[in-house]
Amino acid sequence: MESSPPEKGRRLSETWHSRCCCCGPKLCCFCWCCCSSCLRSWTVRRRQRDRFGHKTSSVSQLEIPPPFEERLTVEEAASWKRSFDCVLASPAGRSVFMEFLRTEHSDENMAFWLACEELKREQSQEQVCEKAKKIYLDYISILSPREVSIDASVRESINRSLARPSAQMCNEAQGQIYTLMHRDSYPRFLNSPLYKSLEQRLAALACDT
């Protein structure tokens, strides 16, 4: 006798998924990366954990360090004009660029790039799984409000990698977002009032000292 739709849904959600290295031996529907109910429940648990004082990722907490002038020199700020890599290599440059992206409502690109850098430095497989899961939920999942713009084939490749995450699994997606920021956002950043006013303030401070 065929099960009713609610019964089918209940049985599906209670299927064991022993192959997923992140889920382990607990109730999950095939794989957490494919189940919207698992995604929602994991997100709710994470928000509850953060609300009660759990330390969150430095990437998600990234804020611009005010004032810039206390940490910057004219030379360092001027070096950002040489190349986009000079911006990314500078902690202050990353923060200023992130602030600029916020004005364009595209700061998820920089946040994703930074999260990928953090993932690549991770040595613990447990932490790789946790950070890969967070990256997926925050930036790759089509359910995320901060979903980054990457090719469908790259997104699918990440989906397949989630059953056994690695520290390098987001490299291709990170490269695409790097190219997007370099080509589109970086030129506008150099011509933005934010960057130009920063240069002026730093020059004025240099003259005063």
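The buried residues of helix α6 are covered by elements that include α4, α5, α7 (125-140) and α9. This is a predicted model. The chain has 10 helices and zero strands. Its pattern along the sequence reads α-α-α-α-α-α-α-α-α-α. Of the 209 residues in the chain, 41% are buried.

**Helix α6**

- Helix α6 is largely enclosed by the rest of the structure, because 12 of its 15 residues are buried.
- Among these buried residues are D107, E108, N109, M110, A111 and F112.
- W113, L114, A115, C116, E118 and L119 of α6 are buried too.
- The 15 residues of α6 should span 21 Å at 1.5 Å a residue. The end C-alpha atoms of α6 are 22 Å apart, so the span agrees with the expected one.

**Helix α9**

- Helix α9 covers residues 171-190, which makes 20 residues.
- The expected span of α9 is 28 Å, at 1.5 Å a residue. Its end C-alpha atoms lie 26 Å apart, which agrees.
- Helix α9 bends by about 40° at H182.
- Buried residues in α9 include A173, Q174, I177 and M181. S185, Y186, F189 and L190 are also buried.
- The general geometry helps in reading such a list: an α-helix has 3.6 residues a turn, so residues three or four places apart point the same way.
- The buried residues of α9 pack against α4 (84-89), α5 (91-103) and α6 (107-121). They also pack against α8 (152-161) and α10 (193-208).

**Where α6 meets α9**

- Two packed helices are described by the angle between their axes and the distance between the axes.
- The axes of α6 and α9 come within 10 Å. They cross at roughly 145°.
- This crossing of α6 and α9 is left-handed.
- On the α6 side, the contacting residues are N109, M110, F112, W113, C116, E117 and K120.
- On the α9 side, they are N171, A173, Q174, I177, Y178, L180 and M181.

**Links across the sequence**

- Among contacts in the chain with a separation of 6 or more, 60% join residues 24 or more positions apart.
- Y195 lies in helix α10. Y195 is buried, because its relative accessible area is 0%, under the 20% cut-off.
- Y195 and F100 are 95 residues apart along the chain. Their C-alpha atoms are separated by 8.4 Å.
- Leaving aside neighbours within four places in sequence, Y195 is in contact with A77, A78, W80 and K81. F189 and L190 are also in contact with Y195.
- E75 lies in helix α3 (residues 74-79). E75 is exposed, because its relative accessible area is 56%, over the 50% cut-off.
- E75 and L202 are 127 residues apart along the chain. The C-alpha atoms of E75 and L202 are separated by 9.3 Å.

**Cysteines**

- A disulfide is a covalent bond between the sulfur atoms of two cysteines.
- The count here is zero disulfides, by the rule that the two sulfur atoms must be within 2.5 Å.
- C86 is partly exposed, because its relative accessible area of 24% falls between the cut-offs of 20% and 50%.
- C207 counts as exposed, because its relative accessibility of 68% is over 50%.
- C116 of α6 is buried, and C116 is one of the α6 residues that meet α9.

Notes:
Residues numbered from 1 in each chain as written. Predicted model: local features only at pLDDT ≥ 70, side-chain atom pairs only at ≥ 80, totals over all residues. Heavy atoms only, no water. Buried < 20%, exposed > 50% of the residue type's maximum accessible area, 1.4 Å probe, protein only. Helix = DSSP H or I, 4+ residues; strand = E, 2+ residues; numbered from the N terminus. Expected span 1.5 Å × (residues − 1). Bend = angle between axes of the 7 residues up to and from the residue. Contact = heavy atoms within 4.5 Å. Axes fitted to C-alpha atoms, helices over the stretch in contact; angles between N-to-C directions. Left-handed = near helix turned anticlockwise from the far one by under 90°.
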